[in-house]
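Please open the structure in a viewer and keep the selection panel at hand. The tour proceeds by successive selections.

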Amino acid sequence: MADRTDSESRKLLGRLRETLAEDSAGQERLDRITHLIADSMGTDVCSIYLFRDADTLELCATEGLNKAAVHETRMRVGEGLVGRVARSKNAINTPDAPSERGFRFMPETGEEIYSSFLGVPVQRLGDSLGVLVVQSKDARSYSEDEVYALEVVAMVLAEMTELGAFVGEGEGAMGARHTQPALFRGGTGQEGASEGRVFLHEPRVVVTNPISDDPHEELRRLQEAMDTLRSSVDAMLSSMGRGADKEQVKVLEAYRMFANSRSWVRRMEEDIALGLSAEAAVEKEQSATRARMERVPDAYLRERLHDLDDLSNRLLRLLTGQGSDTGAEMPENPILIARNIGPAELLDYGKKLRGIVLEEGSVGSHAAIVARAWAIPLVINAKKILTEALNGDPILVDGDQGVVHLRPEDGVKTAFRDKIAMQTQAQERYTSIRDKPATGLCGTSVALHMNAGLMADLPSLEGSGAEGVGLFRTELQFLTRATVPRRSELAAIYGSVMDAAQGKPVVFRTLDIGSDKVLPYMKPQDEPNPAMGWRAIRVGLDKRGVMRMQLQALIRGAAGRPLTVMFPFIAQFDEFRDARQMLVDELAREKKIGHQVPDDVRIGAMLETPSLAFAPKQFFEMADFISIGGNDLKQFFFAADRENERVRKRYDTLNVSFLTFLERVVDRCTETGTTLSFCGEDAGRPIEALCFAAMGIGALSMRPASIGPVKSLIRRTDIVALRKVIDEARVSGAQSVRPAVLEWLTEQQNG
Ligand code: PEP
Ligand code: MG
């Protein structure tokens with residue numbers, strides 16, 4: 001870097017700092033800054049374009065262009081050279097702007113007389129705030145040093161924007177950031193609606209001193225912070241003993257690599273030499289990393305860039321003294337916002353959370369499983385919410401629609417509250433039928449059970465009116481630990497679950513791992529298609545030690561009480577026979593060594609692949625019961641990934657083919673007298689639940705919160721008559737019976 005540019009740039013930043021310290025209005029400051037930059041860089045023009053809304057850039061200040069165009073000239077992202085810089089988040093440097101692709105002539109600015117153009121994005125942590133442009137009449141090409149210097153200035157501008165330095169009053173003035181209502185569209189992780197205040201999982205670090213005139217001091221501070229960072233990463237690594245979570249070790253090793261990366265440090269040192277403070281230098285490089293993250297298609301590389309991003313956060317906290325504990329108090333009705341969160345961290349927060357919003361996450365993630373178990377509304381894939389939300393901001397989470405309203409307007413708030421009130425009223429209505437049976441007008445009864453996976457779910461058993469636990473997903477105890485849980489620990493948990501159920505039946509499903517549920521201590525299998533890979537019973541039968549240990553824990557937990565065990569993902573008879581035999585063997589062994597064993601043991605299979613419906617009759621005879629895992633069954637029936645938002649909702653559960661398939665399963669179970677239930681998410685959707693009952697499925701297991709709505713509808717419906725409606729729709733050539741069912745139900749309710 002040329003010394004002259006260094007000192008020029010430092011001088012410019014020094015003058016920018018003075019404008020920041022001055023007590024002047026936002027517009028005045030912007031005008032002064034454009035003047036300073038043009039003067040310092042020897043250009044005819046300097047202009048600042050800032051985002052007016054998410055898609056529109058506005059000329060907010062200029063030196064050299066027609067002043068009348070300020071706050072008048074606007075362009076959309078991608079439009080003209082300025083719009084292109086904003087879209088690509090990359091600099092455009094050209095000696096002949098008018099011949100450049102995308103050049104847009106803007107007569108009101110007098111722009112056509114300027115030949116050279118250099119535009120750089122104004123961005124903060126990957127969030128685009130605007131574009132900074134310099135132009136000249138002569139066809140000059142700006143040097144690399146000049147581009148770099150302008151990027152540094154843009155970084156300072158971004159910080160100043162964030163700090164509210166350009167906020168003004170009156171028409172056309174810039175509003176303060178993070179004060180406007182913002183809407184985020186993501187995906188549904190868990191249904192439900194809630195209102196509360198933002199609580200950031202990772203505190204937001206604010207840099208208040210982006211510029212420094214003492215590069216030596218800033219270099220020393222950076223050095224010191226890097227040293228502390230390196231030794232803390234080393235200390236974390238050495239404290240991880242044998243049997244440590246491999247994934248965590250991998251992340252720490254990546255941290256160590258970055259912490260020792262010369263090129264990363266060198267870039268920050270160069271930023272400091274140009275006049276940035278140490279923290280601003282870290283943030284500038286972090287912004288560049290974030291911008292790269294958006295462009296990298298490779299998931300592995302993106303993860304590594306995330307690691308670098310995390311490390312930058314740590315470094316920023318060291319430099320600003322804003323530790324991971326910002327002292328931010330958890331507000332009442334906290335809505336947690338995070339990039340992503342592991343199940344253990346989520347469990348630490350406990351049930352006090354009113355809602356969760358993740359920038360990433362997926363429907364099948366562990367966090368989603370926990371949120372679902374707790375019935376806490378969860379929105380996933382809410383892109384960019386972390387750059388907007390501040391601790392304590394009012395927020396509405398609509399888990400049904402996958403929508404988040406940050407700092408909502410009153411109208412939105414009122415509509416939302418009405419929605420919540422209606423849901424609460426409905427829940428209250430359901431308590432009055434809590435102890436009544438789910439019997440239709442025709443006299444058909446359906447057994448309603450609840451799904452669970454945590455001890456914390458069990459209190460819902462009483463309140464929901466469920467007859468028992470139809471599916472206890474045992475993998476959560478495995479997922480939330482860094483090492484395989486001990487047999488005694490598991491036995492104690494299973495025992496407590498049965499205690500809490502107070503004699504009501506609990507169906508324990510053995511470990512369903514693999515697919516999206518990867519245990520921290522299991523070697524990732526790197527399968528091309530894990531949902532159809534080595535998972536559930538396939539792992540259990542191949543790694544018998546773990547399954548045997550779990551079966552022993554179940555027998556010991558039962559301590560003589562009736563025990564119900566269900567094996568997941570059975571695709572053919574042999575798998576069930578084999579797994580069942582393992583349990584029978586364990587019962588014999590436990591008895592032999594003097595443990596009390598249950599007299600009443602029921603062993604069932606989950607039907608999650610179409611193949612099992614066509615298994616030999618002997619399978620149906622051997623199984624004490626069968627439970628349809630509709631989540632998996634549907635994905636394999638329609639070949640539509642349950643985690644892929646694009647295809648997930650494409651096929652209706654009430655599709656005629658699917659119902660006909662269910663009918664076939666009902667017939668086979670009837671033939672052998674095998675108990676049949678349905679425990680996928682669809683069982684908790686009232687219309688679906690009604691139709692399953694009409695098809696002859698006598699037991700449904702669902703989220704506790706769904707029991708009220710499902711029971712209420714069943715009690716108001718003639719299920720036998722509904723079956724006729726379904727059958728008529730099936731022969732009519734309809735693709736789904738839903739329209740016919742809805743029409744009939746509406747008639748019934750109105751009549
Ligand atoms: C299912 O597949 O429907 C099911 C209940 O199991 P899980 O959702 O845990 O895969
Ligand atoms: Mg399943």
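The stops below concern a ligand, its surroundings and the cavity that holds it, in a model that is predicted.

**Stop 1: the ligand and its shell.** Select ligand 1 together with the residues around it, which number 14. Those that come nearest are Arg473, Arg509, Gly629, Asn631 and Arg642. Colouring the shell by class gives seven charged, four polar and three nonpolar residues.

**Stop 2: polar contacts.** Display the side chain of arginine 473, where a polar atom lies 2.8 Å from an oxygen atom of ligand 1. Next, show the backbone of aspartate 632, which places a polar atom 3.0 Å from an oxygen atom of the ligand. The backbone of glycine 629 also has a polar atom to inspect, at 3.4 Å from an oxygen atom of ligand 1. How much of the accessible area of ligand 1 does the protein cover? Taken on its own, the ligand has 290 Å² of accessible area, and the protein covers 99% of it.

**Stop 3: the enclosing cavity.** Hide the ligand and turn to the space around it. The count of cavities of 30 Å³ or more comes to two. The largest cavity has a volume of about 70 Å³, and ligand 1 sits in this cavity. Select its lining, a set of 14 residues; closest to the cavity centre are Arg473, Arg509, Glu608, Asn631 and Arg642. By class, this lining comprises seven charged, four polar and three nonpolar residues.

**Stop 4: the contributing elements.** Which elements give two or more residues to the shell around ligand 1? Select strand E16, residues 469–473, and helix H21, residues 630–637, which are the elements that do so. Helix H21 gives the most to this shell, with three residues. For the lining of the largest cavity, E16 and H21 each supply at least two residues. Helix H21 again provides the largest share of that lining, three residues.

**Final view.** Restore ligand 1 and leave strand E16 and helix H21 displayed, as both contribute to the shell around the ligand and to the lining of the largest cavity.

Terms used:
Residues are numbered from 1 along each chain as its sequence is written. Chains are lettered from A and ligands numbered from 1 in the order in which they are written. This is a predicted model: local features need pLDDT of at least 70, side-chain atom pairs count only at pLDDT 80 or more; totals for chains, interfaces and linings use all residues. Side-chain values use heavy atoms; hydrogens and water are left out. A residue is near a molecule or strand if one of its heavy atoms lies within 4 Å of it. A polar contact is a pair of N or O atoms within 3.5 Å; within protein, one must be able to donate a hydrogen and the other to accept it, and residues adjacent in sequence count only if both atoms are side-chain atoms. Accessible areas come from the Shrake-Rupley method with a 1.4 Å probe; for residues, only the protein chains shown count as cover. On a 1 Å grid over the protein atoms alone, a cavity is a set of points where a 1.4 Å probe fits but cannot get out, and a pocket is an open set with protein on both sides within 12 Å along at least five of seven lines; lining residues have an atom within 4 Å of a point. A molecule sits in a cavity or pocket if more than half of its atoms lie within 2 Å of its grid points. Helices (H or I, at least four residues) and strands (E, at least two) are DSSP runs, numbered from the N terminus. Ala, Val, Leu, Ile, Met, Phe, Trp, Tyr, Cys and Pro count as nonpolar, Asp, Glu, Lys and Arg as charged, and the others, Gly among them, as polar. Grid points are joined across faces, edges and corners, and a volume is the space filled by probe spheres set on the points.
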